Structure formats: structure tokens, C-alpha cells
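Here are a few exercises to work through with the model open in your viewer. Try each task before you read its solution.

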Amino acid sequence: MTDPRQVFYISDRTGLTAENIGEALLNQFGNVEFKRHTYPFIDTSEKARAVVDKVNQSAEKFGVRPIAFVSVVNDEIREIIKKANAFHINFFETFLGLLEKELNTEAVAAQQGHHSIGNTQRYDARMEAVNFSLNHDDGVSDKNLQEADVILMGVSRSGKTPTCLYLALQYGIRAANYPLIPDDLESTDLPRMVKPYKDKLFGLTIQPERLQAIRQERRPNSTYAKIDTCRSEIADAQNMFKRHGVPFTNTTDKSVEELAVHILQACKLKRRF
């Protein structure tokens, strides 16, 4: 059996940039198995040399050089990391030269601006949106609900909360969510709390079998987790969406990232930062 190819994500900040772009690239190679290692906050020479040792040890152990996705601003630290026995993909070196040529100016590194809260306006918008989503999770309050950019509706465990938080954290969108309970589903009207905001509603649905598996983990062998319950609730929810013209999408095969983008496009929402 072939060992998985070792992959190192190396960054002077959180590592999210390296991971996101690296994963997008690696996902194109479904026939190759990868083992990931993430090393964030590599912002000193000492830390860089320690990571180089890790990469070299991996190359020696598995007999093939690892792949290193590097997102590091500092030239000195990048030079140290380059000495590692790896196939390097350095995002700054790859793209900065192209941008310098296009902009006809040299890049001036702004250490504070790279993955930091240096831009307080963006940071504040993100945190305000996250707080809003937390305060309006699962229909706990209708206070200031008119300030929501979007209100997600769906049966329990259909993906409302993670999608709201992702929209808030990544896009600064004030996303609330409302869980459809049996009383709501038995009515022909929209739930009282969200009815005044019909134009902000967006529905989430899910395949009954997937919903049952999720609920079974939460409440094993309960009526809540029975397949008949799941089928009935989902059918009633979809009928409600169609009856009142609420746009909706199926979450079964969508990642939270895909869901968020789909909702942004469907509701014509724009990133706040």
C-alpha cells in the first residue's frame, strides 16, 4: 500500500489562505491520498528552521519530498523555508511579481494588514454580524429582526446555524434563522415571527435519509429521528416554501461554503467587507 503524499501548509499567520488555496488545488487529484500538516504563525527564523526540520524528516521517512504550500510575507523567513526538501508553492512569490508588473509598482509589505485586525472596519463588521447571528439563532428572539439581511428557515438539523455563522464570519452578512416546528408545519400561514419579513426568507431542505442519520446521532431511536417523521416534516416545509414563494435549496450535497455562495446569489446579498 502506497503511503499518502505528505502536505505541509506553512504560514506566518493563521494558515487559512494556504489551506484554502492548497485544498482547492489538491481536490483536483482525487486519485491521490494526502496527509496534511498545518504550521501557522511561523513568524520567526527559529520557527522556520524548526518547520524545515519537520519537512526534511518527512521526506527522509517516506522517501519522497512533501508538497509545501507557503503563505509567508517576510523574505528572510521565506528563504529559510525554501531550504526544506519539498516541492514548494509559495503564494506570495507566485503572484506578487505578476501584480507588480500589472500595477507598475513594487509591493510594499504591510505586516499588520495580512490576516490581522488592522482593518478595524472589516473586523467590526464581521464581529457584529457573528453576534447578530448568535443572538438570532433558532428563533430565540425577534428583537431587531428587521435588521437581518436574510432569515433562513428549515426543519431541525437542516443546516441553518452553521450556514448563518459562515455567512456572518466570511461575508459580514447578518443572518438569522428560524426552526420550523410541528405547529408551524401544520399551519397554512408563515410563522408569526418571520411573516413580516417574507422578502428576507430563504428555505433550507434536505433529503429525509440524510436528516434521519443526523437526528439519529442527536437523539437515537426517538420519534424525532424516525424516517417517517423526517419525510413528513420535509414535505410540509417544502409545501410551505412553495405556497408562499419562499426560495429554497437542498443542503444534502452542498458544503457550507457552497450554501453560503448560493444564498448570496439567490438573495442578491453583497459582502460587507
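Two strands count as paired if DSSP finds at least two bridges between them. Keep in mind that this is a predicted model.

**Exercise 1. Find out how β5 and β7 pair, and place them in their sheet.**

Step 1: count the bridges. β5 and β7 share three of them, in the parallel sense, and the cut-off is at least two. One pair to look up is Leu152, whose bridge partner in β7 is Phe202.

Step 2: go to the other neighbour of β7. Three bridges join β7 (residues 201-205) to β8, and these strands run parallel as well. Here Gly203 has Phe248 of β8 as its bridge partner.

Step 3: write down the order. The open sheet has four strands, β6-β5-β7-β8, with parallel pairing. β6 (175-179) and β8 (248-250) are the edge strands; each has a single partner strand, so one side of each has no neighbour in the sheet. On average, neighbouring strands here are turned by 25° against each other, direction ignored.

Step 4: add the helix. α6 (residues 160-171) packs on this sheet and touches β5 (150-154), β6 and β7. The direction of α6 makes about 175° with that of β6.

**Exercise 2. Decide how enclosed β7 is, and sort its side chains by direction.**

Step 1: recall the general pattern. In a regular strand the side chains alternate between the two faces of the sheet.

Step 2: sort the residues. Leu201, Gly203 and Thr205 point one way from β7, while Phe202 and Leu204 point the other way.

Step 3: check burial, which means under 20% relative accessible area. Five of the five residues of β7 are buried, so the strand is largely enclosed by the rest of the structure.

**Exercise 3. Work out the strand order of the sheet that contains β1, and name a helix lying across β1.**

Step 1: the order is β2-β1-β3-β4, an open sheet of four strands with parallel pairing.

Step 2: look at the edges. β2 (34-39) and β4 (87-90) each have a single partner strand, so one side of each is left without a neighbour in the sheet. The average turn between neighbouring strands is 20°, direction ignored.

Step 3: zoom in on one pair. Six bridges join β1 (residues 5-11) to β2, the two running parallel. Gln6 is opposite Lys35 of β2.

Step 4: bring in the helix. α2 (residues 45-62) lies across β1 and β2, and runs at about 175° to β1.

**Exercise 4. Classify the crossing of α6 and α10, and describe the residues that make the contact.**

Step 1: get the geometry. The axes of α6 and α10 (residues 256-266) come within 9 Å and cross at roughly 75°.

Step 2: apply the cut-off. Angles of 65 to 115 degrees count as roughly perpendicular, and that makes α6 roughly perpendicular to α10.

Step 3: list the contact residues. From α6 they are Pro162, Thr163, Tyr166, Leu167 and Tyr171. From α10 they are Val256, Glu257, Leu259, Ala260, Val261, Ile263 and Leu264.

Step 4: sort them by character. The contact of α6 with α10 divides into ten nonpolar residues, one polar and one charged.

**Exercise 5. Trace three of the 13 salt bridges, and say where their ends sit.**

Step 1: take Lys82 and Glu93, whose side chains meet at 2.9 Å, N to O. Lys82 belongs to α3 (residues 75-82) and Glu93 to α4 (residues 91-103), so the pair ties together parts eleven residues apart in sequence. Lys82 is partly exposed at 36% relative accessible area, and Glu93 is partly exposed at 35%. Follow the links and you get a salt-bridge network of Asp75, Arg78, Glu79, Lys82 and Glu93.

Step 2: move to Asp149 and Arg272, with their closest N and O atoms 2.5 Å apart. Asp149 is in the loop between α5 (120-135) and β5, and Arg272 is in the segment after α10, 123 residues apart. Arg272 is partly exposed, at 37%.

Step 3: finish with Glu233 and Arg215, a salt bridge of 2.7 Å, N to O. Glu233 is in α9 (residues 227-243) and Arg215 in α8 (residues 208-218), 18 residues apart. Are these two buried or exposed? Both Glu233 and Arg215 are buried.

Technical notes
Residues numbered from 1 in each chain as written. Predicted model: local features only at pLDDT ≥ 70, side-chain atom pairs only at ≥ 80, totals over all residues. Heavy atoms only, no water. Axes fitted to C-alpha atoms, helices over the stretch in contact; angles between N-to-C directions. Contact = heavy atoms within 4.5 Å. Buried < 20%, exposed > 50% of the residue type's maximum accessible area, 1.4 Å probe, protein only. Parallel < 35°, antiparallel > 145°, perpendicular 65-115°, else oblique. Nonpolar A, V, L, I, M, F, W, Y, C, P; charged D, E, K, R; others polar. Salt bridge = Lys/Arg side-chain N within 4 Å of Asp/Glu carboxyl O.
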